[in-house]
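Colleague: I would like a close look at the charged side chains in this model. Please take me through them slowly, and then through what surrounds them.

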Amino acid sequence: NLGANAIVGGSMGIATGAAFSAKLAGRDDVAVCCFGDGATAQGLMYEVMNMAALWNLPVIYACENNGYSEYTKTDEIAAGSITARAEAFGIEAHQVDGQDVLAVNTLTQQLVERARKGEGPFFMELMTYRYHGHHVGDINREYYRSKDEERDWKDNRDPIVRFRAWLVDEGIATEDEIE
């Protein structure tokens with residue numbers, strides 16, 4: 001774990017460097033970095049994806065698309081498809097329900113295995129949601145999204161609630177065990 005930093009999209013450069021290092025050293029390590037949809041507007045993303053594609057690096061770029069770049073809907077500030085940005089470099093890109101723990105885990109395991117075989121880099125767009133504000137002072141969010149929208153995501157799409165239901169449905173756990 002190389003830690004976090006305060007630079008928007010900075011994890012992309014760190015992960016690409018780690019993937020390059022792993023490849024040069026002959027290790028089967030795979031670097032994975034997470035960043036928000038707003039970071040896809042940063043020039044660094046295009047520079048590192050170009051290098052990763054040219055050098056066939058074992059890196060997975062995981063974009064957490066929560067629908068908002070700070071206070072603005074992502075579709076109002078990002079032209080075109082986010083996955084198409086990676087595809088422009090010849091990087092295989094996937095969109096997955098980021099609220100589905102199992103879907104994210106399955107895709108991640110598949111991509112890590114393929115990256116270890118030299119088939120990387122990869123890009124994942126995780127469709128998710130931010131229940132709270134962008135920062136601690138972002139308390140009243142009604143000027144950029146409705147309470148109904150927040151409630152819908154919490155009540156109908158929460159990943160913990162969905163995974164809990166799956167555990168019970170599959171007989172892996174009971175409600176009594178989970179309580």
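Modeller: What follows goes from the salt bridges to a buried acid, then to a surface patch and a helix with its two ends. Bear in mind that this is a predicted model.

Side chains of opposite charge can pair when their charged atoms come close. In this model the count comes to ten salt bridges. I will take three of them, beginning with E92, which forms a salt bridge with R114, the closest N and O atoms being 2.8 Å apart. This pair links distant parts of the chain: E92 belongs to strand β5 (residues 92-97) and R114 to helix α5 (residues 101-116), with the two positions 22 residues apart in the numbering. R114 also has a salt bridge to E119, at 2.7 Å from N to O. E92, R114 and E119 are therefore linked in a network of salt bridges.

How open are these residues to the surface? E92 counts as partly exposed because its relative accessibility is 30%, which puts E92 between the limits of 20% and 50%. R114 is partly exposed as well, with a relative accessible area of 25%. For E119 the value is 37%, so E119 is again partly exposed.

The third bridge is between D29 and R27, whose side chains meet at 2.8 Å, N to O. D29 is partly exposed, at 36% relative accessibility. Its partner R27 is also partly exposed, with a relative accessible area of 39%.

Now take an acid without such a partner. D37 lies in the loop between β1 (31-36) and α2. D37 is buried and has no salt bridge. Which side chain of opposite charge is nearest to D37? It is R130, and R130 is 7.1 Å away. A salt bridge needs the nitrogen and oxygen within 4 Å, so at 7.1 Å R130 does not form one with D37. The side chain of D37 does have a polar contact of 2.3 Å with the side chain of T74. Leaving aside residues up to four places away in sequence, D37 touches C63, E64, N65, N66, G67, Y68, S69, T74 and I82.

For contrast, turn to a part of the surface made by nonpolar side chains. F20, L24, M51, L54 and W55 make a nonpolar surface patch of about 510 Å². The elements that give two or more residues to this patch are α1 (10-25) and α2 (43-54). W55 is found in the loop between α2 and β2 (59-65). W55 counts as partly exposed because its relative accessible area is 39%.

Last comes helix α7 (residues 159-169) and what lies at its ends. At the start of α7, a side-chain oxygen of D158 reaches to within 2.9 Å of the backbone nitrogen of I160. Just after α7, G171 takes a positive phi of about 75°. A173 is found in the loop between α7 and α8 (175-178). A173 is buried because its relative accessible area is 13%, and buried means under 20%. Not counting residues up to four places away in sequence, A173 touches L167, V168 and I178.

Note on methods: Residues numbered from 1 in each chain as written. Predicted model: local features only at pLDDT ≥ 70, side-chain atom pairs only at ≥ 80, totals over all residues. Heavy atoms only, no water. Patch = residues over 30% accessible without salt bridge, like charges linked within 9 Å, V, L, I, M, F, W, Y side chains within 5 Å. Areas by Shrake-Rupley, 256 points an atom, 1.4 Å probe, with all protein chains shown as cover. Helix = DSSP H or I, 4+ residues; strand = E, 2+ residues; numbered from the N terminus. Buried < 20%, exposed > 50% of the residue type's maximum accessible area, 1.4 Å probe, protein only. Lys, Arg positive; Asp, Glu negative; His and termini not counted. Polar contact = N/O pair within 3.5 Å; in protein donor to acceptor, adjacent residues only side chain to side chain. Contact = heavy atoms within 4.5 Å.
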